[in-house]
Amino acid sequence: PAGTILEAGAYLLGVVFTPTDAVDYNRVAQYASLTVAKAPLAVTAHNAARAYGQANPAFTGTITGLQGLDNIMADYTCAAVPASPPGDYAIVPSLVDPFGRLNNYSVALTNGTLTVNAAAPPVLSTVLPVTGSTNGNQTVTLTGTNFETGATVTFGSAPATAVNVTSPTSLTLQTPASAPGTVSVTIHNPDGNQASLPGAFTFGIPPSIQ
């Protein structure tokens with residue numbers, strides 16, 4: 001019937017002529033094939049951005065080409081997690097088709113991009129204590145701002161061990177073994193930012209006579 005919305009596919013349409021004068025005219029039927037092409041459906045994920053260490057924002061996108069009352073929706077996902085390093089990550093759209101209408105569409109999916117930016121750089125304020133044994137394994141506390149989970153610390157060029165970021169403003173560690181001397185202390189955040197405090201720690205405490 002006129003106004004019928006057909007599913008995508010091939011159909012055979014028929015027309016029948018039934019004369020009112022059956023004596024002088026014959027009843028005639030004719031048929032024609034009809035192909036209903038799939039409608040184009042485009043889904044595009046919107047780009048997004050966040051700082052390193054934050055949760056992903058709610059992803060959005062656009063769907064164009066839906067016909068009638070077809071209730072097709074889109075989800076958008078990304079493999080990036082808060083600890084993912086700065087860089088670009090794909091935002092991938094996928095379709096939700098609760099009423100099975102997707103077979104009537106030719107679908108084009110376009111990824112978006114999540115840009116993970118480096119967070120604010122750390123600031124290293126204090127190192128306590130400021131002296132220790134050349135044997136290492138001494139507990140030291142660093143204070144400052146913007147310390148990130150997973151940060152590492154070096155004394156000169158030697159890496160500290162057992163680094164524990166207790167908060168964005170404080171961490172504890174065990175000093176490495178080192179030759180005697182005064183060295184800089186540097187914190188390295190996982191996002192690539194770092195901060196250094198020159199001459200902050202001295203290995204080897206000279207003996208004294210009381």
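This text goes through a four-stranded sheet and two residues of a predicted model.

The sheet is open, and its four strands follow the order S10-S12-S16-S15 with antiparallel pairing. Strand S10 (123-128) and strand S15 (161-167) stand at the edges; each has a single partner strand, so one side of each is left without a neighbour in the sheet. On average, neighbouring strands of this sheet are turned by 20° against each other, with direction ignored.

Within this arrangement, strand S12 (residues 139-145) pairs with S16 in the antiparallel sense over five bridges. Thr 139 has Gln 174 in S16 as its bridge partner. In general, strands of a sheet pair through backbone hydrogen bonds, either parallel or antiparallel.

Strand S16 covers residues 170-174 and includes Ser 170. Is Ser 170 buried or exposed? Its relative accessibility is 17%, and because the limit for buried is under 20%, Ser 170 counts as buried. Leaving aside residues up to four places away in sequence, Ser 170 touches Thr 141, Leu 142, Thr 143, Phe 147, Asn 164 and Val 165.

The second residue is Leu 12, placed in strand S1 (residues 9-17). Leu 12 has a relative accessibility of 64% and therefore counts as exposed, the cut-off being over 50%. Leu 12 touches Tyr 31, Ala 32 and Ser 33, again without counting residues up to four places away in sequence. Leu 12 and Leu 34 are 22 residues apart in sequence, and their C-alpha atoms are 6.1 Å apart in space.

Conventions:
Residues are numbered from 1 along each chain as its sequence is written. This is a predicted model: local features need pLDDT of at least 70, side-chain atom pairs count only at pLDDT 80 or more; totals for chains, interfaces and linings use all residues. Side-chain values use heavy atoms; hydrogens and water are left out. Buried means under 20% relative accessible area, exposed over 50%, partly exposed in between (1.4 Å probe, protein chains only). Contact means heavy atoms within 4.5 Å. Two strands pair if DSSP finds at least two bridges between them. Axes are lines fitted to C-alpha atoms, for helices over the stretch in contact, and angles run from 0 to 180 degrees between N-to-C directions.
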